[in-house]
Amino acid sequence: MSNSSPLFDASRPFPALQTSFSPTLPPLLPRAMDENGKRRRLDSPHGSSLYSGDRVPRRRATDASPNPYLSHRRDAHNPWTGRPYSEAYYDILRVRRKLPVYDARARLMECLRAHNVVVLEGQTGSGKTTQVPQFLAEAGFCDGGMRIACTQPRRVAAMSVAKRVAAEMDVRLGDHVGYSIRFEDRTSRETKLKYLTDGMLLREAMKDNLLKAYSAIVLDEAHERTLSTDVLMGLLKGVLKKRPDLKVVVMSATLDAQKFQDYFDGAPLLSVPGRVFPVDIIYSPQPEDDYVDAAIRTVISICRNEPTGDVLLFLTGEEEIEESCRKIEEELRPFERAYGPVVVLPLYGSLPPDRQQKVFADPPPPLYHGGPPGRKVICATNIAETSLTIDGVVYVVDTGFSKQKIYNPRVRVESLLVQEISRASAKQRAGRAGRTRPGKCFRLYTEESFHKHLIETTHPEILRSNLGNVVLQLKTLGIDDLVHFDFMDPPAPETLMRALELLNYLGALDDEGDLTSFGKLMSEFPLQPESSAALIRSPQFQCSNEVLTIVAMVSSAQNCFVRQKKKDKNAMRGRPPHEQFMDAEGDHLTLLNVFHAYKEKDKERGGASQWCWDNYLNQRALRTAGNVRTQLERTMRGCNLALVSTDYQSIHYSSNIRRALLSGYFMHVAHRNGKEYQTVKDNQKVKLHPSSGMRGNPAWVLYNEFVFTKTQYIRTCAKVEGKWLVEQAPHYYDLSNFPGGSAKEELRRLYRKKAKRSLPENERRRGR
DNA sequence: GAGCACTGC
């Protein structure tokens, strides 16, 4: 995997921002208040620390600072490596010293001396992500073989920041500074400062419940409130009670800092100035009927009336974005000579990386000498709100909507719905206009609705998700009492009940709610609980190799099938390119066929690129599935689970696989009632997704996913036999606890049949 | 016949 990132170029200095210190600091805390344990941590046995003993400076660190980690002297040696500093080190050091966060260093250490948790607020660009972990390292937190962790919600960030910090410390990436993300561990025994994704630290906590490897943990981007960050925060609160030596820095954008302080029992707050340039906010005078239409009009008006500068438009999804791009381009083309050339670019997650990269290119030059300069118009999803930062944007158009995940515990369905954004989100979007110079943000809603209608902050993910995996993780972490677990925002009791119920049916928790050995095994796998259960049981059905591939394919988010465009369809004369892979008995088997075919081609010289292209397959998705499969296979071996296959020629090949899948997915089954399908127990009316290649309208189908759009669909389906249900999951298909309907009648019949079969031969005869 | 905000292990 490449280390380069559009977000980050290690060869370029960070932009120098405001250098003045924020006046909003709390009064200085009494120094050396606490003599136990914490002192030891701050004192370096080598006396190398700037903050050791009584030499804690009250003034700002200056060039005369004795800190060997920050020496400006040309003859100085790098205390990490013992080697002389490189030229580049001094160049970077000059830039570092101008970062706003640099001035907060002494204050941060003062706070950490008296408190175990400190909240630090400052926007991206203040330098907190790169500097704060270094401050801790310089203060001696790495002594005695201890490490410092800094979490990030995203992999690219963990990677690129580690790369930058290694350059700043003048060490090789992977030596003293490293990162750890899924599929890639760039750390060594020497690593003192470790950047990792929040999910990765959670994984580590499952092995090392008290996180004993770390002396300090920095939670970055805590305001994003990812599932993993929320779980980590709750976990750390507990760990702190048992480890008074542990220090935690919670870093957040300048939103909600109070909430973090309250949650961590009045932790002190440090503020670092952030915002670079002012952004003018312009509201719509009246509510807009059609926000896409209004957005297109606004963009066109900016291009015709406003001075040069790139435009960023926030929409909700691929379809809207492609439509808007087309319309904006059409409308502006006739005016290019008058207003300058415009490049209109889409930006959303499922776009291939090379097309995403285009938003970072320079805007087009004037059409003719002395003509008006060109600009970029970027139509983006929420990806541009957090994940990708595009410099040069001066105008932001905010429709006020985004797609958000919602979980309905009553029907156990997660769905994506277009929703109004929060005020925090609107502020974040507006901020994207002020990164290089003063900007403007056009909000396509009224000022009144901004203040009265929008909620303060987006509901954290933990309130909008199915918590099956979270509960399994917490149980593995040794948390028995989930109801009283200290969540920053406690999920609905019903959501927790659903998760406990799911894990109980799967066999991960016993009836007392305690983790079983099967559940312990399940938690080893980075999969949905249903997939983990199916995978662990698959050796019993002689098909773990196959189920391994299927769960890898299903869990690697991206759809490997590329949709054909209309004109391609005409050229193909009707034969859909994916038909060759289709299995009439189940889409899971289709996925297996695709993967096998891909692997065959991948072995050949020249790889599978052309073949994927010709067959409308997404090579990146298949490669990811391959990586996931490798990781899962390693875990299987580590757990002593057999890797076995049924002969492809055997009549049991397909049924074994489908039975194995059912052993984890028995709660995802629909029954045919006349022409339509109904999910079992919940009795939701669903249709087979049109992409399904399954044929013959079987009475019972297992499905991977319930998709709720205009209609309710079940996607990735496989035929199962009714008798398997009563054989494999009688605890779930228990008629005394089953809502009425056609499925129940059918099950009753199957149970009677099963009972008869199990009677000895002579009794059965007598019974007749 | 129809769809995919965004992450992460």
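**A walk from a buried serine to the salt bridges**

Ser324 has a relative accessibility of 0% and therefore counts as buried, since the cut-off for that word is under 20% relative accessible area. This value, like the others that follow, is computed from a predicted model. The residue has its place in helix 10, and when residues up to four places away in sequence are left aside, Ser324 touches Val292, Ile296, Leu315 and Cys379.

Helix 10, which spans residues 318-332, also holds a pair of charged side chains that can be looked at next. Lys327 and Glu323 form a salt bridge in which the closest N and O atoms are 2.9 Å apart. Because the two residues lie four residues apart in this helix, about one helical turn separates them. Lys327 is partly exposed, with a relative accessibility of 34%, and Glu323 is likewise partly exposed, at 27%. Elsewhere, salt bridges that share partners join Arg96, Arg105, Glu138, Arg164 and Glu168 into one network.

Other salt bridges connect parts of the chain that are distant from each other in sequence, and Arg154 offers one example, as it is paired with Glu224 at a distance of 2.8 Å between the closest N and O atoms. Arg154 sits in the loop between strand 2 (147-152) and helix 5 (155-168), while Glu224 belongs to the loop between strand 6 (214-219) and helix 7 (227-242), so that the pair links distant parts of the chain, 70 residues apart. Glu224, for its part, has a relative accessible area of 24% and is partly exposed.

Helix 7 comes up again in a further pair, in which the side chains of Asp486 and Lys237 meet in a salt bridge of 2.7 Å, taken from N to O. Here, too, distant parts of the chain are linked, for Asp486 is found in the loop between helix 16 (468-476) and helix 17 (493-506), whereas Lys237 lies in helix 7, and the two are 249 residues apart. How do the partners stand, buried or partly exposed? Asp486 counts as partly exposed at 33% relative accessibility, but Lys237, at 14%, counts as buried because its value falls under the 20% cut-off.

To set these pairs in their wider setting, one may ask how many salt bridges the model contains by this rule. The count comes to 42 salt bridges, among them the pairing of Arg154 with Glu224, that of Asp486 with Lys237, and that of Lys327 with Glu323.

Key. Residues are numbered from 1 along each chain as its sequence is written. Chains are lettered from A and ligands numbered from 1 in the order in which they are written. This is a predicted model: local features need pLDDT of at least 70, side-chain atom pairs count only at pLDDT 80 or more; totals for chains, interfaces and linings use all residues. Side-chain values use heavy atoms; hydrogens and water are left out. A salt bridge is a side-chain nitrogen of Lys or Arg within 4 Å of a carboxyl oxygen of Asp or Glu. Buried means under 20% relative accessible area, exposed over 50%, partly exposed in between (1.4 Å probe, protein chains only). Contact means heavy atoms within 4.5 Å.
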